[in-house]
Every structure is written in structure tokens, then in C-alpha cells.
Amino acid sequence: MTGKELLQKLEEPSSLSIFEKLYGTERTVTDKKRYVSLIETLLSEKDFPCIIFPEAKGNLRLFTAAGRTELGGNHTDHNQGRVLAAAIQLDQAAVVAQRTDNRIFFRSTGYPDVIVELAGEDGQPDLEPKENEKGKTESLVRGIAAEFANRGAVVKGFTVNADSTVLPGSGLSSSAAVEVLFGRIINNLYYGGKCSSLEIAQIGQKAENIYFGKPCGLMDQTACAYGGAVAIDFADPAKPLVRQVDVDLSSAGYVLCVVNTRGSHADLTPDYAAIPAEMKAVAAYFGKEVLRECTKEIIEKNAPDIRQKLGDRALLRAFHFFDENQRAAEMHTALEKFTDVSAKQEAIKNYIKLVNESGDSSWELLQNVYSTQNTKEQGITVALALTRNFLQTRSLQGACRVHGGGFAGTIQAYIPVNALESYRSVMDGIFGAGSVTILQIRPVGAEELIV
């Protein structure tokens, strides 16, 4: 529909239910206004003087792509393990105008404009990886377009005016949200909506691996694309098993949040790379590629020799993998019981216990709460210690764990609803105002919004 028609549609009371589903009752009106503002800006010749074209005055479409939070399975995916993750209310909101040329124009509030030409001067497709785009958003856009072209789509241009509430550097997968946003847009505009959420996630991963140059796993894109909580089993990496779970943590009496310790991720690549490398080194000791092909029992039996040949940390990280892999499955089972009235209280208690065990294992065995390159900076460790102390001194049931890759960034915490403001005050006092971000698990991942 035209921009004018879309704006009128958004003014109708019936549209509020869409945004309530995406963002919760407290943010319904505020986030609806984000889309209104994006539409009005896209149609403004003042704000978009370099890309005004007739199509922008015609059909406009709305899209959203969720950020994600990791619930369980810390550093298990790269060894074909199980993970538990969830889409969250922080997202990429976008208004899209289809073009007749071969240019993709992407503007996201607060970021430099991204322009990708899909064809060369001769009009032929230009979809090969480019060295000067490595590590840039341009590479992701080109890589995603290329993968759809490989599937037979004739990908033309479009303009995207977007706004992201996914905090950069917070471990909430702002880059994966962009990937699945573009995957969903191209899928709906030029591929007849034929790709499943899993395929869109895989396309995003491939673009990040080959075009962007980062060897990431598939967890982030899958959670961002699907919506809800998702249990993912990577036993077969080409065809991971994905199961969705509807979860309402507030009904269980908890607020899910992340605490930004404001640590720097700079120079941590060796720390991140060492984890899968050491796990796979233990697997290679037995002639296997990944730990999923081994057993904890055989590793314990050979522990003396593994210690001597590979070192103690590699052995401990292998132990973490097996415990965490099993724990992710148990956490999924516990979440499924949240909807069973007779089993809910015991399931909540068990889930919280498992979250704490996950946090303890990452701290003690995986050892990804701080970098040994800089032992003076241990924001993650401090946040975990303070959260433990907050819960214990107040005799509260709750949980905390490192969030995502670790070493710097955020922790995840489950805080009783009535203790949230006290917890926020403690964390803000240490890490600065606004360090605590409340997360809501939302049922929608990456979708086109029909209003």
C-alpha cells in the first residue's frame, strides 16, 4: 500500500495488537511510532534527497527482525552440540520500498548509509565477494543477495529505512538481526516467500562466513529468524533440529535481563578462537572432528594423557561441553513444562537451578569470564559476583550466567519481579546508569508485518 495508506492503517486501533505482540504492552505505542517515523522519513525528499524515485511514493512494506539472547548451551554449537536461545523484543524495524534498478540502499538510524550495487556498469550481476567490503555491512547484503540468486531468484534493488534497538556489542546479535532482516526482505520481494526460517538463517550465516569473513555458527541467525525460545540441536550441522517453545517468564515470577559491564571486545579474538580450537583438539586426540562424536567417559579415562599433551584447560573445556550439552536439553524440557499447571512450579525451580549450573560451568570449566591477557579487567566476573551476592543476601531465588561469547560484555540474570529495581540500582552503581536491559521473549522472529 502507499505510504499514506500505510500511515492511515497504523492509526487504526486494530494495529495496536500487532505491536503489543512484538514489543509488549508497555512499549506498544512507542514502538508503533518508530514505524510511523520511518515511513514519514522515507517519504521525505528532505531526508532522502539522493534516492527519491517514483516507487517510493507507491508500495511500502514493513519488516521486523528480532535480536536474540542465549539461554543455554554456552559454546556448544561449534562442536555440534545443543543450544537454547530466544528472540527478544529488541529488533530491527524497517520500512521497505521496492526499486526498479539494481541498487540496495540501507539506512539505519545512527549508522552510516550502506549502498550496494548488485550489477556492474555492463548491467551484469556483480555478486562475488569483494575484499574491500570484508567486515562491513555491504558484504552481508551482497552475500545474502548472491545466495538468493544462486537459488534462482532475480534480485533487484530496494530501499530500506530502519531503526535498531538491538544494543551493539551487547551479545544480543545485532549483526544476525540485520542478516535475517535482509533475508526475509529478499525472500518476500523476489523469491515468493519460499524460504523457511531455517533457510533464511543459513543464508545469513553463509554471508557472514564467506562475504563478511567471520566464521560464526548458526545459533544467532536461527534464534533471530524463528521467534520464541528455540532449542537447536546441531548434531547434523546441515540440517539442525529446531524446536520452538512459547515462554512467559513474567508468569513464572522472573524478569530476564542482561547487564552491560561496558568492557571492550577489542583484541579478544584469540580468546574466542581458543575455545573451539581446544575442544576440537581433544576430539582430534580420538581421531574425531568435534566433541559431539566423543563421550565424557572416554575423555575421563584418557585424562592423564590429554593433560600432558593438550593441557588442563583443554580438558576442562571438554568437560564443560558435555555437561552444558546435556544441560541445554534439560533446560528445554523444563521450559516445555512451564505451560503445565501441575508441573510449572517444579519446572521453574529446576530451570533456575540449571541456569546457575550453566553459569558456574562457564566460569569454572570453560573459563570465558575474563581474558588472561588482561586480568585487571574482569567486569563479567564482578557482575556475576555482585548478582550472586544480591540474591544470597536477600534470600532470593534467581540465577546468573555469562552471556554469549564471554570475556567481556554482558551477563544474563533472572531476577524476581519485586526485586528488579533494587537490582538495577546495584548494577547501575557499579557499571553506570542504564547498564541493565530488560528482555522479553517474543513469538515473532524475522517477519513482514501485515497491518
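In this predicted model, the side chain of Asp163 makes a polar contact with the side chain of Thr109, at 3.2 Å. Asp163 itself belongs to strand 5, which covers residues 158-164. With a relative accessibility of 17%, Asp163 falls under the 20% limit and so counts as buried. Leaving aside residues up to four places away in sequence, Asp163 touches Arg34, Leu38, Asp91, Gln92, Ala93, Ser108 and Thr109. Thr109 thus turns up both in this list of contacts and as the polar partner of the Asp163 side chain.

Next come the aromatic rings. The count for the model comes to 10 aromatic pairs. One of them joins Tyr285 and Phe286: the ring centres are 4.8 Å apart and the planes meet at 80°, so this pair is edge-to-face, the cut-off for that class being over 60 degrees. As for exposure, Tyr285 has 27% relative accessibility and therefore counts as partly exposed. Phe286, at 21%, also lands in the partly exposed class. Phe321 and Phe322 make another edge-to-face pair, because their planes stand at 85°, with 5.3 Å between the ring centres. Here both residues, Phe321 and Phe322, are buried. Elsewhere, ring pairs tie Phe106, Phe158 and Phe182 together into a cluster.

Rings also have charged company. The charged end of Lys194 is placed over the ring of Tyr191, with 4.3 Å to the ring centre. A second case involves Lys296, whose charged end sits over the ring of Phe319, 6.0 Å from the centre.

That leaves the strands, with strand 8 (residues 254-260) as the one to look at. Six of its seven residues are buried, so strand 8 is largely enclosed by the rest of the structure. Strand 8 has an antiparallel partner in strand 10 (residues 410-416), and seven bridges join the two. Within this pairing, Cys257 has Ala413 of strand 10 as its bridge partner. Strand 8 also pairs with strand 11 (residues 436-439), again in the antiparallel sense, over four bridges. In that case Val258 is matched with Thr437 of strand 11. Put together, strand 8 has antiparallel pairings with strand 10 and with strand 11, and six of its seven residues are buried.

Notes: Residues numbered from 1 in each chain as written. Predicted model: local features only at pLDDT ≥ 70, side-chain atom pairs only at ≥ 80, totals over all residues. Heavy atoms only, no water. Phe/Tyr/Trp six-rings, centres within 6.5 Å; stacked < 30°, edge-to-face > 60°. Buried < 20%, exposed > 50% of the residue type's maximum accessible area, 1.4 Å probe, protein only. Lys NZ or Arg CZ within 6 Å of the ring centre and 35° of its normal. Polar contact = N/O pair within 3.5 Å; in protein donor to acceptor, adjacent residues only side chain to side chain. Contact = heavy atoms within 4.5 Å. Pairing = 2+ DSSP bridges.
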